[in-house]
Amino acid sequence: MTVIEDLAPPPTAEVRPRRASRRERWQLRLPLLPALVYTIVVTQIPFLVTLWYSFQSYFWNTPAPAHFNGLSNYKTVFTNPAFRGALVRSVVMTATAVIVAMVLGVFFAVLLDRKFLGRSIVRTLIITPFLIMPVAAALVWAGPMLDPNFGLVNWLLQPFGVHHVAWLSTHALGSVILVMIWQWTPFMTLIVLAGLQSQPADTLEAAKVDGAGAWATFGELTLPHLRPYIELGVLLGSIYLVNVFDAVKAMTQGGPGTATTNLPYYLYQQVNNAFDIGGAAATGVVTVILTIIVATFALRMFARVFQFEEA
Amino acid sequence: MRYPRFRLRALGAVGCVAALAALAACSSGGSGGSTSSNSNSGTVTVAVVSNPLITGQMIPLTQSNFEKQYPGINVKFATYTEGDLRAAIQKAISTRSYAFNVVMIGPYETPLFAKNGWLTNLSKQYIASDPGYDAGDLLPAISKSLSYKGDLYAVPFYGESSMMFYNKTLFQQAGLTMPHNPTWAQIEGFAAKLNQPGKVAGICLRGLAGWGDNMAALDTVVNTFGGQWFDMNWKPQLTAPPFVDATNFYVNLVRKYGEPGAANDSFNQLLTLYGQGKCAMWYDATVAATSIATTYPDVYKQTGYALAPVNLTKSSGWLWTWALGIPQGASDSGAAWKFVSWATSKQYDQLVAAKYGWSAVPPGTRTSLYNNPQYQAAAKPFAAITLESINSVDPEHPTLHPVPYTGIQYVVIPQFESLGLTVAQQIAGAIAGTESVSQALQAGQSAASQYTPAQLSGSG
C-alpha cells in the first residue's frame, strides 16, 4: 500500500489546516477504531501466526508437538525442485492465459462494436462464461467436454481424425489453460469494448477522410487508444489467474505427475497430503513476498495508466 | 462534550478485552462437552468417504432408521473423497479440534492413530460390555488389521481385497478362458487379444495419483514381482530390479491395453467405465462386485471373477476396510458408539437387505454374512471369491522377501502419507507419458531417501 502513497501527487494547495488538538484527533479516530481493530485481527494476526509457524517443525500426522527449527523450512522451500516447478508453472499458466484471453478479447470486442442484428443477444452470450462459477466450469470441462470416452470435444473432432484423446492426461496443462482462457476472454472483451466505445467518432472520421485503411486505423489509432484498457485487463486478469485453484483441483488434481501443480495447489498439497504445516507456512510467506514484489511493479504500471489517462 | 482522556483509553481497553474474550471463546468452542452424558442423546458428526455403499445406503438408512430408533441422537455426515477425508480427519484428530466424534479410517491409520493415543479403545470401552455386538464374528484378517496390541480401535463397515473382474461374453467371443488363479503374464496376453481401441479397453487399471488409488493396485503387482518399498535396514528399494520390472509391467500394460486417460481414473471412474461395458477386464477392489450388482444389472450378468493375478507369490490381493473409530476425548462418545455399533452390526445388514436386497449388503466384514443362505443365494457369483480373497492375504508378511514394515498396498509409517503421494504422482506421470518409468522411480527413490532409517523405523 505504501506504493500508492509514494505515487500520490504532492499536495499543491498551501492551505495548512489548523493543528488539531490531541483530544480532537482521538475523537476523529474513534469511529474508525472498531474497523481498524477488526482489520488487524482478521489480516495481520493470521499473518503473524503463519510467520511463527514457518519457523516451526509441525506435522499433523505425528503426535510430537511443534518445535522451533530455525530457517530449515525456508531452506527446504528454496532447495525444493517441487516449489520451483510450481512457481514456473504458475507463471506459464497465468501469462499464457492472460495473453491469449486478451488477444481473443480484442478480437471479439472489435466484432461486437459493430452494429448488427441481435447484437445484444450475442453480447450476453459472449459474457456468460465469465458468470459461471469457476468450479462448475472446470467440472463441465473435465467431464462432458474433455472426457476421453464420453467427451464432446473428441466427438466433435472425430471427423478430423482425432480419436479418443485423453486431454487431461496428455495435454493436462493445455487443458487447464484452455479453461482459464475460456472463462476470462469475456472479461477482456468487456473491458476492451468499453474502451472502443469511448473512442471519439470524429478521430475515426478524420482518419477516413485522410484515406487511412481499416488496418492502419486500427494499428495507429484504435490500439494506442485501447492501451490503458488492455493494461488494466491484463493486470486484473493476472491478479486473479495467478491464484487459480478450482480448475486445477477439479480437472487434474495437479497431475498427471506434477504437470499442472501451480503454487496454490502445491501449498494445498503440503497441508492436505503431507500435513507439513511449517513447510506450507514457509511456502506461503515466500509466495507473499514474491507477490508483493510483482504487485509493486504492477501497481506502478497501474498508476502510470491513470496518469496517462489524465494527460 | 468533554470527555476526560482516561475514559477513552478505558473504553479502548474494554473493547480490546471484549474482542480477545470473543476470540478465546471461539477458539475454545467445541473442545468442551461431556463424555459421561446419556448415550441416548447428543450430536454425532461422522466423517465418511463418498463411496456408493455410504452415500447410497448408510446415510439414507441413518435418517430413516437410526434416528427413528434413537430420537435423541442427531447424526450429521461430512462426506469427502478419499484424499480429502484423510486430510480432514488428520487435522481434526491431531489438533484435537473434535470436529468429528466418529471418523471413517482404515488399516493404515488405525494402528498409527492408536499408537499416538488418538483413538478410543473400542474393545475395552464398549465391546466388552456389549455382548450383542459379537466382535468374534468379524473376519479375522479384517479384525486384526484394525487392532493395536490386541484391542480393536475401529470396527469395519465393509472390507475388501482385490480381484479381477472380466466380461465373460467378450472372453467367449475371443475363445479365451480365464483361470481361477491367473498370472500377470496370462492377463497381459488376454488384454492384448481383447483390446479394441476406441471401443473396449483390454484391461482397466487405476492411474490416478494417490497412495490409495494407483499405488494400491501397483503395490500388489510390486509385491508379487518380488519387490518391496524398503529392505530390512529401511533402505528404499524403488530402483531395485523387481520394483522397476513390476512398474514397467504395470505402466506398459495400462498404456498399451488400458483405458484412455488412465492417469485420471480410480475406483469410481473405473466402475462407471466397466459398468458401461468399456472394459474387458478390470483389476480392482472386491467390493466393486456389490456396486456392479446393484447399479449395472446387465453387465453384472456377464461378469466373471478371478483372484488377484500373481507372478512369484501365491496370492497378491490387497486388504482394505473402511472402518469407524471414535477419537479419544470426543464429546457424546456414548451416542457415537451407539451409531458405530449400529452401522457395523448384523442388524444393519438386515436393514440393507430389506431395503436394497441381499446382494447390496456391505461385504467383507462378518463371517455370519457368508454363512447366511439368503446372502449366499443373492450374491452367489462373488460371495465365495470375496471371502477367499480376504482370507488369503497376510498384511504382516506382504512381500516375497522379509520387510520391516506391515501393510500390503501401503507402509504403516507416518511418512508414507506424503511419500506415497509423491511416488503416486510420479507413476501417474509415467502412465500419462510425461516422463519415463525410470525417471519416475528415480524421483521416488530420492523422495524416500530423504528420511533416515531411524526416522522411518520410529526410533529416531
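This report describes the two chains of a predicted model, their overall dimensions, a sheet and its helices, a second strand pair and the contact between the chains.

## The two chains

Chain A has 15 helices and 2 strands. Its radius of gyration is 25 Å, well over the 19 Å that the globule rule gives for 311 residues, so chain A is more spread out than a compact globule. Chain B holds 21 helices and 10 strands, and its radius of gyration of 24 Å is close to the 23 Å that the globule rule gives for 460 residues, so chain B is as compact as a globular protein of that length. The table sets out the extent, burial and contact range of each chain.

| Chain | Span along principal axes | Residues buried | Share of contacts (separation of 6 or more) from residues 24 or more positions apart |
|---|---|---|---|
| Chain A | about 75 × 75 × 35 Å | 32% of 311 residues | 72% of contacts |
| Chain B | roughly 95 × 50 × 45 Å | 52% of 460 residues | 75% of contacts |

## Confidence in chain A

The mean pLDDT of chain A is 85, with 91% of its residues reaching 70 or more. Among the elements of this chain, helix H1 (residues 2-7) of chain A has the lowest mean pLDDT, 47, whereas helix H10 (residues 172-197) of chain A has the highest, 94. Over residues 1-5 of chain A the pLDDT stays under 50, and for this stretch the model has 4 contacts beyond four places in sequence. Where pLDDT is low, the predicted coordinates should not be read in detail.

## The five-stranded sheet of chain B

In chain B, an open sheet of 5 strands follows the order S2-S1-S3-S10-S6, with mixed pairing. Its edge strands are S2 (73-80) and S6 (155-160) of chain B, each of which pairs on one side only. Direction ignored, neighbouring strands of this sheet are turned by 15° against each other on average. Within the sheet, strand S3 (residues 102-105) of chain B pairs with strand S10 (residues 320-325) of chain B in the antiparallel sense over 3 bridges, and B:Met104 has B:Leu324 of S10(B) as its bridge partner.

Two helices of chain B can be described against this sheet. Helix H3 (residues 82-94) of chain B packs on the sheet and touches strand S1 (42-49), S2 and S3 of chain B, its direction making about 135° with that of S1(B). Helix H14 (residues 333-343) of chain B lies across S1, S2, S3, S6 and S10 of chain B, and runs at about 45° to S1(B).

## Buried elements elsewhere in chain B

Strand S9 (residues 303-307) of chain B has 4 of its 5 residues buried, so this strand is largely enclosed by the rest of the structure. S9(B) pairs in the antiparallel sense with strand S7 (residues 162-167) of chain B over 5 bridges, and B:Phe165 stands opposite B:Tyr305 in S9(B).

S7(B) also belongs to the surroundings of helix H11 (residues 267-275) of chain B, since the cover of the buried residues of H11(B) includes S7, strand S8 (281-285), H12 and helix H13 (297-302) of chain B. The buried residues of H11(B) include B:Phe267, B:Leu270, B:Leu271, B:Leu273, B:Tyr274 and B:Gly275. Just after H11(B), B:Gly277 takes a positive phi of about 75°.

Helix H12 (residues 288-295) of chain B, which is among the elements covering H11(B), is itself largely enclosed by the rest of the structure, because 6 of its 8 residues are buried. The buried residues in H12(B) are B:Ala288, B:Ala289, B:Thr290, B:Ser291, B:Ile292 and B:Ala293.

## The contact between the chains

The contact takes 33 residues from chain B and 28 residues from chain A. On the side of chain B that touches chain A, the elements giving two or more residues are helix H1 (5-28), H3 and helix H19 (416-432) of chain B. H19(B) supplies the largest share of this side, 9 residues. The residues on the side of chain B that touches chain A divide into 13 nonpolar, 15 polar and 5 charged. H3(B) thus appears in two settings: the helix packs on the five-stranded sheet, and it also gives residues to the side of chain B that touches chain A.

Technical notes
Residues are numbered from 1 along each chain as its sequence is written. Chains are lettered from A and ligands numbered from 1 in the order in which they are written. This is a predicted model: local features need pLDDT of at least 70, side-chain atom pairs count only at pLDDT 80 or more; totals for chains, interfaces and linings use all residues. Two strands pair if DSSP finds at least two bridges between them. Axes are lines fitted to C-alpha atoms, for helices over the stretch in contact, and angles run from 0 to 180 degrees between N-to-C directions. Two residues are in contact if their C-beta atoms, placed from the backbone, lie within 7 Å. The radius of gyration is taken over C-alpha atoms; the globule rule is 2.2 Å times the number of residues to the power 0.38. A residue is buried if 20 or more other C-beta atoms lie within 10 Å of its own, exposed if 12 or fewer, and partly exposed in between; C-beta atoms are placed from the backbone. Ala, Val, Leu, Ile, Met, Phe, Trp, Tyr, Cys and Pro count as nonpolar, Asp, Glu, Lys and Arg as charged, and the others, Gly among them, as polar. pLDDT is the predictor's confidence in each residue, from 0 to 100.
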